[in-house]
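Please open the model in your viewer, with side chains shown as sticks, and follow the selections below in order.

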Amino acid sequence: MSEIVQRQAKRSKKFILFWFLFMGFVFLVSFNTESFVVPLVGALLGFFSLSALGIANKAEQKGKDWSSFFWLSLLISPLITSLIVNSIQNEPGTLTADSKACPFCAEPIKKEAIKCKHCGSEVP
């Protein structure tokens, strides 16, 4: 690779690194909001960008394309994380806002239920 291309690639890497770290920092220091979501988004953005940088650097050490691995990792990491979080939240047997535990078998049932679908007993 020519020296000019290498310098442009290094500048591109530095720009990407600083951009994502800056955005993560901006979200992280936004504590003036009442919500915990903004700092959480900042922390996740920082975590995903740093992990993508690590993966891209490791790929470059093995002779692979840095930018392809960076962007692929940056896209796939949040998708995998959201799938894991969704599977944890939608685990069967957990109570939700519109459910309650059956007093006889302790399985979750709808709040409006008059008969438990698990054990068949009438719910008071």
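Select F70 to begin: with a relative accessibility of 0%, this residue counts as buried, where buried means under 20% relative accessible area, exposed over 50% and partly exposed in between, for a 1.4 Å probe and protein chains only. This is a predicted model, in which local features need pLDDT of at least 70 and side-chain atom pairs count only at pLDDT 80 or more, while totals for chains, interfaces and linings use all residues. Residues are numbered from 1 along each chain as its sequence is written, and side-chain values use heavy atoms, leaving out hydrogens and water.

Next add W71, whose ring centre lies 5.0 Å from that of F70 with the planes at 80°, so the pair is edge-to-face. Rings of Phe, Tyr and Trp (its six-membered ring) pair if their centres lie within 6.5 Å, and planes under 30 degrees apart count as stacked, over 60 as edge-to-face and the rest as tilted. W71 itself is partly exposed, at 42%.

Now add W66, which is buried at 6% relative accessibility and sits 4 residues from F70 in helix α3 (residues 66-89), about one helical turn away; helices here are DSSP runs of H or I with at least four residues, numbered from the N terminus. Ring pairs join W66, F70 and W71 into a cluster.

Finally, select I16, F48, A52, L53, A56, W66, F70 and L74, the 8 residues of the largest nonpolar core, that is, a set of buried Ala, Val, Leu, Ile, Met, Phe, Trp, Tyr and Cys residues joined through side-chain atoms within 4.5 Å. The elements giving two or more residues to this core are α2 (37-61) and α3, and α2 gives the most, with 4 residues.
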